[in-house]
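Visitor: I would like a close look at a single part of this model, namely its aromatic pairs and the residues around them. Please take me through that part in one connected account.

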Amino acid sequence: MTVENATSVERISRGQLIRRRFFRNKSAVFGIYVIAFMFLFAFGGPFITQWSYSENDFSSLLQGPSLSHWFGTTQVGVDVFAQTTRGLQKSLIIGLLVAVFSTGLSAIVGAVAGYLGGRTDKVSMWFVDLMLVLPSFLVLVILSRFYQGKSWLLLVIGLTIFDWMITARVVRGLAMSLRERDFVRAAKYMGVPTRKIIVRHLLPNMASVLIIAATLNVGGAILAETGLSYLGFGVSAPDVSLGTLIAEGTSAALTYPWLFLFAGSILIFTVLAVSFIGDGLRDAFDPGSLRVKKSVK
């Protein structure tokens, strides 16, 4: 390697290197395109159809896909295309909010526990262990009578409460390692407040882990919301989500497949795409990843 080539390699920032690794991963790039399409479909779809997700067309009951109803209609004449876009909107919003809130909570709890140690660490990890042994799905089902029929944000809070503990343990381990680094010790000896050390020194050095965790939590939150809504404990009428659409179409999946097929397929592709993106981010941030080594070769 010449001196000129060596200099050009040195000029590549870490961010550029991560982007290169990520976009070499074909599955991750495919996931990006799928998620972009899902967002465009969910939020742009209502503008290209004349029907609302709550509007009935009594002249078209249980009709298959046609020029007037692209995805067909339900038993009461509701346009399935409009319902699907609305359901995908709700599932994506809930998944993103749960991912952001749960990742933020895990970052705060894990970083504080790992940096301070001692009694704070013991109490925090005891609480984390207690939350991990609770049957989250069963607890949310029991609590559903308090949030059903009210704001769907209560469902977001419920899912967030049970979706942060594992990431918090990972962050705690990283914080325990980072607190022994020279730059953290120097900041501590200079009298920098604990809050600023955590925010300015610990959390930025955990950004890769937090980004990956947040991405994967989106898929997990969408599946959790779908499962609760499918069983009738999540999003409730008159609103819809992918879970409620799948639940309503399951009984007629063989006779009237359009009631189930579109919502079910969108759920599968969305969760798979999020998983591909999460795997791509993990490989991009981890220089020792086997997949990255193969792509470099």
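Guide: The account below begins with the aromatic pairs, moves to a neighbouring topic in the loop, and ends at the surface. Please note that this is a predicted model.

A pair of aromatic rings is described by the distance of the centres and the angle of the planes. Counted by the ring-centre rule, there are eleven aromatic pairs in this structure. In one of them, phenylalanine 37 and phenylalanine 41 have ring centres 6.3 Å apart and planes at 20°; since planes under 30 degrees apart count as stacked, this pair is stacked. Both phenylalanine 37 and phenylalanine 41 belong to helix 3, where four residues, about one turn of the helix, separate them. Phenylalanine 41 has a relative accessible area of 13% and is therefore buried, the cut-off for that class being under 20%.

A second pair has another geometry: tryptophan 70 and phenylalanine 81 meet edge-to-face, with 5.0 Å from centre to centre and 80° between the planes. Tryptophan 70 is placed in the loop between helix 3 and helix 4, while phenylalanine 81 is in helix 4, so their pairing ties together parts that are eleven residues apart in sequence. As to exposure, tryptophan 70 is partly exposed because its relative accessible area is 38%, whereas phenylalanine 81, at 6% relative accessibility, is buried. Ring pairs also join these residues into a cluster, which consists of Phe37, Phe41, Trp70, Phe71, Phe81 and Phe262.

The loop that carries tryptophan 70 also holds threonine 74, between helix 3 (26-44) and helix 4 (80-116). Threonine 74 has a relative accessible area of 8% and so is buried. Apart from neighbours within four places in sequence, threonine 74 is in contact with Leu61, Leu62, Val80, Gln83 and Leu259.

Aromatic residues also appear at the surface. Trp126 and Phe127 are among the residues of a nonpolar surface patch of about 820 Å², together with Leu130, Leu132, Val133, Leu134, Ile166, Val170 and Leu174. Helix 5 (118-133) and helix 8 (165-178) each contribute at least two residues to this nonpolar patch, and helix 5 gives the most, with five. Isoleucine 166, a patch member, is located in helix 8. Its relative accessibility is 60%, so isoleucine 166 counts as exposed, in contrast to the buried phenylalanine 81 of the aromatic cluster.

Notes: Residues are numbered from 1 along each chain as its sequence is written. This is a predicted model: local features need pLDDT of at least 70, side-chain atom pairs count only at pLDDT 80 or more; totals for chains, interfaces and linings use all residues. Side-chain values use heavy atoms; hydrogens and water are left out. Buried means under 20% relative accessible area, exposed over 50%, partly exposed in between (1.4 Å probe, protein chains only). Contact means heavy atoms within 4.5 Å. Rings of Phe, Tyr and Trp (its six-membered ring) pair if their centres lie within 6.5 Å; planes under 30 degrees apart count as stacked, over 60 as edge-to-face and the rest as tilted. Patches are made of residues with over 30% relative accessible area and no salt bridge: like charges are joined within 9 Å, nonpolar side chains (Val, Leu, Ile, Met, Phe, Trp, Tyr) within 5 Å. Accessible areas come from the Shrake-Rupley method with a 1.4 Å probe; for residues, only the protein chains shown count as cover. A salt bridge is a side-chain nitrogen of Lys or Arg within 4 Å of a carboxyl oxygen of Asp or Glu.
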